[in-house]
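Grab a pencil and take a look at the model below. We'll work through a few short exercises together.

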Amino acid sequence: MAPNQHSIGVSVRVRPSASCTHNAEAVELLRGHAWVRNVVGGSDQPASYAALGSELVTRLRGGYSCTLIAYGQTGSGKTYTMFGPSGSLTESALVEAGDGVPAAWGVFPRVALELLRNSEGALHASAVEVYNNVAYDLLDGNRQLQLSAGRQSDVAAVFSGHAEGEGGAATGLNGKHPRACSCRLCFKAQEEAKSARAAKRGSPSPASSLPAAGRKKRAEKEVGSFATVGETLWPIAAPNDVAKLARHVEASRSAHSHKLNDRSSRSHCLLRLHVASGGGRGGGLLVQKQFLFVDLAGSERTQKSGVSGQRLAEATQINNSLTVLGRVIRGLGGGGGGGEHLPYRDSTLTMLLRSSFESDCKAGCFTCVVINVASEPEHAEETACSLQFGERMTAVRNVATLVAGTDVGQERARVAALVETLRSKLRNLEGAGAAGGFVEGARSTERALLTENMEKHRVARQRCELLSVEVAEAVSGSERRANLEKRAAEAHFHEETVAAVMYAQKTIKRLWKEPSASYLATQAELRSVTEQLGRLK
């Protein structure tokens, strides 16, 4: 694996405003910044792809994994850049484009079509949403995912004041930390506890006896790498699959309106293209590269957006995770004041992005960032903050490594062994009652009613999904679209009604037990690994 050291490339895209003067002035001003690699003005999606995506596609073909991150304030055009305008990702748009690419499509669908049409290998995609600091699978009904670095409770469950030193309880974001948290305060508290125990034994603390460089190296090793486990893989075999995938992600992602944006993403979206080439039934080397697209939720000043209640809680979580990301970038760029700790574990987002930033990661990738800004004077303060973040990004040095091929036979044997291990684990969980289902001795009439309503809910949900597809494909403003939207609203109301009845029935005493989080996670991982084994045969 040949290393390739590089600085993270940062480009800027300016959201067009009603004033052509503002647009032109903003573009010219940004071109005067030496750290800006490319400046994209206006709504020209082919130009955006040429500036942001084409170089990374070349790197991917050269044997490297890649990451493209969109950062900026709410409503600045991040989702537009990555995917395209709402409602544009349709199969009818592909038909109209013929052999070309629909003009409104963003960077992700253009990259997917480019790789597909040039036969770069077998393509699959996964889509993860980080909502309120928890990861969910957008391709499997927003099922909660666990991270590979620890148990699900280590990531999803949080509690206050768990790290105590001589100064009392240490608190992190909103006073809450993951159980395996290694933020600065928790790390300090743990070291103090070690020192206290060592003092009682009359010997120095193992960590404190190390030189500063050794402690830093040890801290970096303790961070480890993180990835979601068991997410669904969406096969991409034809251009229509790209449209269906992007449309499904758009429909499944958490989004709401506020004063600054009619459709504001309330979560971070990590969409990953998996590209597998080589291997086959005859054996040989299998090369598995990845292209990660990160559409970050926008930083938000709540006084301007006017959000309250649940929307305010979402905005707080978004801003918190972006603050942690900023701290990580400052530390990587040498602006952390000489500190030796990088707070990856302080948020789920930074845990999942670690491999895109770390220079000592064994599978480092080429990373680029696009800063989305608005050119209007009223957004000047937010634009300045976004550009400051982009400039810090350029100080981060990455070491990209060529993706090494693996022997197909060895990989097949490894995955087959993992399948058997997971099956055994699942049987043990079932034996311990973790699989859930109807409680033994439940009344037959109540079982029958719940079973009937569960089937009704499945059918109602399936109907909602089909109508959503029809609405997306219908011509905007047409009578057919209006009728379909009405039917879709009625179907969603019916689905919610049936779901409410079903969930109420599940609360009946001694009738139903939900599967444990561990069982669901193991089941999802087994399904994913079994599919992987099938692709290797």
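Here are three exercises on this predicted model, each with a worked solution.

**Exercise 1. Get an overview of the protein chain.**

Start with secondary structure: the protein chain has 18 helices and 23 strands. Next, check burial: of its 537 residues, 45% are buried. Then turn to the surface, where the accessible area is about 25400 Å² and carbon and sulfur atoms account for 52% of it. Last, look at contacts: among those between residues at least 6 apart in sequence, 72% join residues at least 24 apart.

**Exercise 2. Work out how helix α15 and helix α18 are oriented to each other.**

Two packed helices are described by the angle between their axes and the distance between the axes. So find the pair first: α15 covers residues 408-431 and α18 covers residues 517-536. Their axes come within 9 Å and cross at roughly 155°. Angles over 145 degrees count as roughly antiparallel, so α15 is roughly antiparallel to α18. Now add the handedness: α15 passes α18 in a left-handed crossing. Finally, sort the residues in the contact by class, and you get 13 nonpolar, five polar and seven charged.

**Exercise 3. Place H494 and decide: buried, exposed or partly exposed?**

First, locate H494: it sits in helix α17, which spans residues 479-506. Second, take its relative accessibility, 46%. Buried would need under 20% and exposed over 50%, so H494 counts as partly exposed. Third, look along the chain to R461, 33 residues away from H494; the C-alpha atoms of these two are 9.2 Å apart.

Key:
Residues numbered from 1 in each chain as written. Predicted model: local features only at pLDDT ≥ 70, side-chain atom pairs only at ≥ 80, totals over all residues. Heavy atoms only, no water. Axes fitted to C-alpha atoms, helices over the stretch in contact; angles between N-to-C directions. Helix = DSSP H or I, 4+ residues; strand = E, 2+ residues; numbered from the N terminus. Parallel < 35°, antiparallel > 145°, perpendicular 65-115°, else oblique. Left-handed = near helix turned anticlockwise from the far one by under 90°. Nonpolar A, V, L, I, M, F, W, Y, C, P; charged D, E, K, R; others polar. Buried < 20%, exposed > 50% of the residue type's maximum accessible area, 1.4 Å probe, protein only. Contact = heavy atoms within 4.5 Å. Areas by Shrake-Rupley, 256 points an atom, 1.4 Å probe, with all protein chains shown as cover.
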